[in-house]
Structure formats: structure tokens, C-alpha cells
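Visitor: I'd like to know how each label on this model is earned. Show it to me first, and then I'll start asking.

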Amino acid sequence: LPPRIPPMQLRLHNTLSRRLEPFEPLEPGKAGVYACGPTIYDHAHIGNFRSFVFYDLVHRTLEWLGLEVRFVMNFTDVDDKTIRAARERGETLEAYTTPYAEAILAESDALGLRRVDLYPRATAYVEEMIRLVATLLERGHAYTTEDGSVWFDIDSFEGYGKLSGRDLEQARQGERVASDEYGKEDARDFALWKAAKPEDEEVGAAWDAPWGRGRPGWHLECSAMALAEVGETLDLHLGGEDLVFPHHEDEIVQSEGATGKPFARNWLHVKHLRVEGEKMSKSAGNFITVRALLDEGVEGDPTAPETGMAEVLLTPRSRLLGKSLKEVRFRDRYQLGVVGIKRLGALLEGDIREVAFRFGDTLLVQGPWEKIRHLERERRDFIVAMAPREMSDALAPLGRAPVAVAIMVGMLALLT
């Protein structure tokens, strides 16, 4: 490995400042990191795991730089989606969500992702959430309504919108939004605590609070868990780009409204995995799960790369056997991609060999640098993307971590 560099030389694109900035932890030699994890109402798809792979690379990089890292990634087990799904199944919230949490951890292990320090589940922190709401009420940042709900007053906090660039002047003053998820055009007072409904009680998603029985709003949950398990000021907050507004914007005002301190020094957001220009999502039906990939035998070889070898990802420019991407559904495209990889066999000659991964029309190969360069020059029908040597060396002893990196990069090459 190359010599370690001082942590201050690590530069990250901070969403808050919209600039590349040196990463400088609040306490030298340590880093407190909170990552927004999945909502455990279904199996995670590879778009979700792209975020988890990103989190893993950040985690490993910080430790490689010599920092003592406290890394927490939550599981959202109480929100509109989990309650609706549990009710449809006729199960309690805990019984419904637990298998999905366990599956995500098992699939992370299969991909070689390092376990973080803690995976807090929102339902285990309801007391902390109630205390946080009480503090916001005391400080004039929140108010109650007749049904026992509690709302955050966005007019009470100067700087609301600073993360996303939302202009508060355009917000609809005094209006409220109860849904967990809403768009930029709906910047209104949001729910900290939602009065209990029959469906909440039915699945065990209601708790007693001084202002009335109910359940926490989704945005409140991450603030409470981050403050409890990382601290009042995070060195780094991670999440998907879709969480900038409203989720992370709301986290900031809740946390800073309660503590009076900056909530996170750095914000780093992950781009979506896209399919034909659309975000991969369950609602769009354009997804595939890691579970499905593993069931179909996609796996990696944890063999460490040899000295002096370079690793590359090769992706054909003509994607799927001449068939237009728009002529096939996503699932068909995935299956065709697996067949189409046979065309790459002609490349594996001499010192160039397949190593950890093959998926669709993307192949991870290894060989002497000069021969790899020759391939890049001679085979114009292939895209060649280098895997940095120091990354390969760092990941090689760690089981199937190279496979996870290949999924992140290879799926982008195949699907965009």
C-alpha cells in the first residue's frame, strides 16, 4: 500500500457547501459517521446496495487513513411503508421487519461488506425521540395540534433549506405535510410526532407520549439515533441523493434546534443507480435484488491479485447482442446480459485472465499493464475502466469486497 496520508488531505464534496473540502474531523484522529440505511419493508435491490458499497468504501478509506471510526447505519422499521406492509401481511411491525433486516446483513456479508459498529432500529429509540420532541417544544421550534400530533415550525429556524438550496420565502407558510416523503415544492411544517391511527395500533406502532399517543415521524428518527449513538455533531453524514430534501434538511433543523450546535460538518450523497434514465426502485419495477443474483450463482473469487498485475472492468459498447434496450424489460435485459458475456471469452488469452466477477456484459479481468493497454487500443468496441491498484490491494484480503465494487461499477456500465 502507498504510505498513509494525513486525514486533512482527504477531500470530499460537501453537499452543504457545494465544494470540495478537506475532511477535518472535530476531534483529531477520530471520525463519527452516520449513514441513512434502508427502510426494511422489503428485500433491498442492487440500487440500495450501491449506497451500501459506497458507505463501505468510505468506512475503509477513513480507517486506512488511520482514523478511529465510529460508524452507525440505521434501519428504519417504523414509517408509512413498514406499517402499511405489516398490516397487509397481518403481522406486527417487529415480526414483519426483522427478517428483512437479517436478510440485508446476510447479503452484505455475501458481498464482503464490512459490518459497521451499530445498526440501530428506530423502534428501539422511541424514548430518545420523545425527549427530542419535548426539547423542541420547550425551545419554541414545535407546536401541538388537537389530535396530539406535534409539528416542526420551519419559520422558527433560520437557515431552513441551506442543505438543499430551498428558498424558505417560497414555502407555504403555516401549512403542514403529514406524509413521510414529499417533494421540494411541499416545504411546509412537518410531523415530528403523528397521532396514533387504528392501523398503527393494529401492528404495534403506537407509543404513549406527554402530548398524546402516537408514533414518530420518519425524519425525527434519524436525528434521535444519530445524536444518541454518534454525538451532537457528526463528522460525516452519508445518504442517497434523494434524501437531501426533505429528510436531511429536516434532520438538520430538528437536531440543531435541540442542541444549538452544527449537526454535521460534512454531507456526502450517493447518486442513484439508473435504468434507462430512471432511478432503480421497487415502485417502478425496474429492479433486481442481491438475493436474486446470489440465487442465480453470481459470486466472486476472493483470490488476491498477483504482484505487478492490474485489474480492469471491460464492458462492450454494443450492449445486448444487438437487441435494443428499449425492446426488452429490465428482467429480460438482465438475463440476456448473462448470455451475452460469452462473447468476452476471446479476450481471455495469454496472461490476461478473468478474476473476481462477471455480470451481464461486464467482466473483471487481470493482467500485465502493457497487455491491458494493448487491449484498450486494439478493441475499440470495449470500454476499459481501471480499478486503482491501491484499492485492489486494500480490498483483496477482505473476501468478496472486490465483487461488491464490481457490482457498483459494472451495473452502472451495463445499465446507463
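Visitor: In which helix is Pro246 found?
Guide: Pro246 sits in helix α7. "Helix" here is a DSSP run of H or I with at least four residues, while a strand is a run of E with at least two, all numbered from the N terminus. The model is predicted, so local features need pLDDT of at least 70 and side-chain atom pairs count only at pLDDT 80 or more, though totals for chains, interfaces and linings use all residues. Residues are numbered from 1 along each chain as its sequence is written, and side-chain values use heavy atoms, with hydrogens and water left out.

Visitor: What is the peptide bond from Phe245 to Pro246, cis or trans?
Guide: Cis, with omega near 5°.

Visitor: How many helices and strands does the protein chain have?
Guide: There are 12 helices and 17 strands. Of the 416 residues in the chain, 54% are buried. Buried means under 20% relative accessible area, exposed means over 50%, and partly exposed lies in between (1.4 Å probe, protein chains only).

Visitor: Why does Trp211 count as buried?
Guide: Its relative accessibility is 16%, and the cut-off is under 20%, so Trp211 counts as buried. You'll find Trp211 in the loop between α5 and β9 (214–216). Skipping residues up to four places away in sequence, Trp211 touches Ile130, Val133, Ala134, Leu137, Thr144, Gly148, Val150 and Trp193; contact means heavy atoms within 4.5 Å. Take Ile130: it is 81 residues from Trp211 in sequence, with the C-alpha atoms 9.7 Å apart.

Visitor: And what makes Arg18 partly exposed?
Guide: A relative accessible area of 44%, which falls between the 20% and 50% limits, so "partly exposed" is the right label. Arg18 is in the loop between β1 (11–14) and β2 (19–22). It has a positive phi of about 60°, although it is not a glycine.

Visitor: How do you know that the span of α6 agrees with what is expected?
Guide: The expected span is 1.5 Å times one less than the number of residues. For the 12 residues of α6 that gives 16 Å, and the end C-alpha atoms are 17 Å apart, so the two agree. Helix α3 (93–110) gets the same check: it has 18 residues and reaches 26 Å, close to the 26 Å expected.

Visitor: What makes you call α6 mostly covered?
Guide: 10 of its 12 residues are buried, among them Trp218, Leu220, Cys222 and Met225. The cover includes β3 (30–35), α4, β8 (189–195), β9 and α7. After α6 comes Gly231, with a positive phi near 140°.

Visitor: Why are α6 and α7 called oblique to each other?
Guide: The axes of α6 (218–229) and α7 (244–259) come within 8 Å and cross at roughly 55°. Axes are lines fitted to C-alpha atoms, for helices over the stretch in contact, and angles run from 0 to 180 degrees between N-to-C directions. Under 35 degrees is roughly parallel, over 145 roughly antiparallel, 65 to 115 roughly perpendicular, and the rest oblique. The pair fits none of the named ranges, so α6 and α7 are oblique. Residues making the contact include Trp218 and Leu227 of α6, and Pro246 and Thr259 of α7. By class, that contact has 5 nonpolar, 6 polar and 2 charged residues. Ala, Val, Leu, Ile, Met, Phe, Trp, Tyr, Cys and Pro count as nonpolar, Asp, Glu, Lys and Arg as charged, and the others, Gly among them, as polar.

Visitor: What makes α4 roughly perpendicular to α6?
Guide: The axes of α4 (126–138) and α6 cross at roughly 105° and come within 9 Å. That angle is inside 65 to 115, so α4 is roughly perpendicular to α6. Glu128, Met129, Leu132 and Val133 of α4 meet Leu220, Glu221, Ser223, Ala224, Leu227 and Ala228 of α6. This contact has 7 nonpolar, 1 polar and 2 charged residues.

Visitor: Why does α2 get its label relative to α3?
Guide: They pack at about 105°, with axes 9 Å apart. The 65 to 115 range applies, so α2 is roughly perpendicular to α3. Thr82, Ile83, Ala85, Ala86 and Arg89 of α2 make the contact with Leu93, Tyr96, Thr97 and Tyr100 of α3. Those residues divide into 6 nonpolar, 2 polar and 1 charged.

Visitor: Which helices do the buried residues of α3 pack against?
Guide: α1 (46–64), α2 (80–89), α5 (198–203) and α8 (290–295). Following α3 is Gly112, whose phi is positive, near 80°.
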